[in-house]
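Today I opened my notebook to look up how aromatic rings meet in a protein model. Here is what I wrote down, step by step.

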Amino acid sequence: QCFRSWTQVINIESVNKDEDVKDKALKTLALMDDLIAEVKAEKKIDLLDLENAKENEELSFGERAFKNFIKHTVSRAAWYYEDVKLLAEGKSAKDLNEFDAAKRIGIGTIVGKYHQKAYALKGFTVDDFLKVKEDFKGIYLNTKLDSISSQEASVVTLQTQKEILSQFDLVEAFPIIGLAIKIKRFDGSRLNPWLTEVRFIAKTHKAIDSISILKNNNSLALKVGDKTENINAVLPLFDKSDVDLRPLISSKLYHLLMTFNVMQNVDTLYDDAYLSLLSNTLVYLFTQPESEWRDELFRKIHVTTQITYYNDVEFNQYRKGLLNSPVDTINNDDAQSKFGGKQDLSKPILHLFCMIKDKEVDETRAKEIMRIIMTKYIFGMIKDKDFKVESCVSSKKLSSITEIEQEIRSRFPDFITLGDFYRCLHKVFEKALWTKSEESVDFNWDLSVLKKEKAKIDLSLLEAVEKTMFNTVPKDEDYIKAIVLSHTAKCFKSVYNIKENEVPDLAKKILSKLATEIKKKGVKTLPHYVATKKKLQKEFTQFFRDIHRQILPLHPEALKKHCEDKKIPLESFKVHAPSLLLRNACLSTKCKHFLQVNEHLGHHMDVWEKNLPRAFHTTVKSYYKESAEVIYEHFAKGAKAHDPNFNFSPEDYETTKEGVLDYINNLKVVYNAILG
């Protein structure tokens, strides 16, 4: 504070007075040096070099609080010291504009963006925070901790959660100790904890503390031999010996810390942030191979959930609802509905997992709940505006889509234009589906598209969950039933109002309706057609580009000989004088249509789609006597493009500068041979 006030006074005087403040700044600097030396001698703290201060990892809470105070507040002394040094050198605030002078003098308050957020919390006010701190203080003082803990210590601080709390000093934040993990964060997950997705769990450096991650810009790289494990979050996992921590880790303050740990968001407090991380870690583990490591984490997630949430009213209400009314509970989850969008199914999966571990539900009922979770996923897919039920249907005659693709690929060389490709695709599909004498198309169910959908929770994940918990997986008939019910029902609850014996007839109606529509509107509306078109058009475009690279002009004598051999009038070909290319014939020797007269050559070259090198040949011809480097510069600047916005980048043309220079050199040879 002394440094701040001294600096501000001198800066203000430097603006308001004509006199030189250099002498006063030199005297102030000497006083600052004396204070810095005294602090260094008494407290062993170098105010000018706090970043390189030697750290003792095993800090008590009071020591950690003092260290953070030094880091975030006392470190400003170095700023003021440097400012006075500038003044002593004659660089004053009067030489700056008004805005910079205001910043230099310190008008306003030094407050970081997270502090600003903390003082303007949208869902969690400063008063709320103060109450939470006091509540936590009371909880801590009334909680007796024994010294036994099976939790693994942080690889950095070598402390467990109990050791961190062993000497309490209330501060804004303290380290969370737990499993080192990597989660996917994005804008949505910073507002909705259930969108969190676990991507990785460290196996070598298994435990870490949250402050170590925070100090490394929220991403910590842990070396494992020649490899690196990158983690950005902590999942605290506890054992039965840690049950005495229950009041502390289920407190609002701990949930606030977990909210920031999961969401990097200080604007709100979510009691479910910790639960969402436990749920999503559980979901991730179901995708991992069976092992003792996985089984042990399953056990600890169960125990941690017991300790943290089994006394929570909302948790128990959801659990009871899932057991007795699973459809309503999953469909009407207010805790998730407030965020909008689809509900995350990791929550009911965790609850079901815990109920099975607690033997609160028999296997038959548990399987029923699991199938309801699966149906909820399929219902969400079917009702998605970008998904069509037709994607789950195919004709028996399209059972080998691979053969159709191979037939069309074999005709790539014959296609002159994209129109030729489209017509061939349409004809092959129609031929595969029906003959003109048939009145309808015979469709059946095809689950391949549904099973190919990849997401945090998809069919493969749900199958893994069921396989792990019950050693069974759904049959195709189960999926078809879920598809039919989801397509027919207007809302998820009404799915279960449809009688079991109605499903076969509903399924037949869907297939019959689709067959009628396809017969009426044609194969273009068939999802398999659309998917195949998209896939093969990309392949055909790439095929076309590959055979049309480095097109060279043809020597007049060679063109004349070709006309004589083919008995074609030389006048049939039109030459583009600026480039010596042909206007009405393809000059790619690899193309099946090489030197075939085509008055719509532009349609042929349109297969390339975009980024044809405009005026490239014209530029090379104009400067063919120059070096390749000079010609390249002319082209890159758009010398012959007649477009002031022309901008050339080799990457846009799927090539490199070296590739362009090679093309230029090959053209130089041809133009020298033709023009001399």
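**Rings in the model**

I began with burial: phenylalanine 286 and phenylalanine 298 are both buried. I noted that the model is a predicted one.

Next I looked up the pairs. A search of the whole structure gives 24 aromatic pairs. One of them joins phenylalanine 286 and phenylalanine 298, with 5.1 Å centre to centre and 40 degrees between the planes, and it is tilted. Phenylalanine 286 belongs to helix 12 (residues 272–286) and phenylalanine 298 to helix 13 (residues 292–309), so this pair ties together parts that are twelve residues apart in sequence.

Then I asked myself: why is the pair of phenylalanine 286 and phenylalanine 353 edge-to-face? The planes of these two rings stand at 85 degrees, and the centres are 6.3 Å apart. Edge-to-face needs an angle over 60 degrees, so the pair earns that name. This pair links distant parts of the chain, since phenylalanine 286 is in helix 12 and phenylalanine 353 is in helix 17 (residues 346–357), 67 residues apart. I also checked burial here: phenylalanine 286 and phenylalanine 353 are both buried.

After that I turned to a cluster. Phe412, Phe415, Phe421, Tyr422, Phe540 and Phe543 are linked into one by ring pairs.

Last, I looked for charges over rings. Which ring does the charged end of lysine 347 sit over? I found it over tyrosine 318, 4.4 Å from the ring centre. For lysine 376, the charged end sits over the ring of phenylalanine 492, 4.9 Å from its centre.

Terms used:
Residues are numbered from 1 along each chain as its sequence is written. This is a predicted model: local features need pLDDT of at least 70, side-chain atom pairs count only at pLDDT 80 or more; totals for chains, interfaces and linings use all residues. Side-chain values use heavy atoms; hydrogens and water are left out. Rings of Phe, Tyr and Trp (its six-membered ring) pair if their centres lie within 6.5 Å; planes under 30 degrees apart count as stacked, over 60 as edge-to-face and the rest as tilted. Helices (H or I, at least four residues) and strands (E, at least two) are DSSP runs, numbered from the N terminus. Buried means under 20% relative accessible area, exposed over 50%, partly exposed in between (1.4 Å probe, protein chains only). A charge sits over a ring if NZ of Lys or CZ of Arg is within 6 Å of the ring centre and within 35 degrees of the ring normal.
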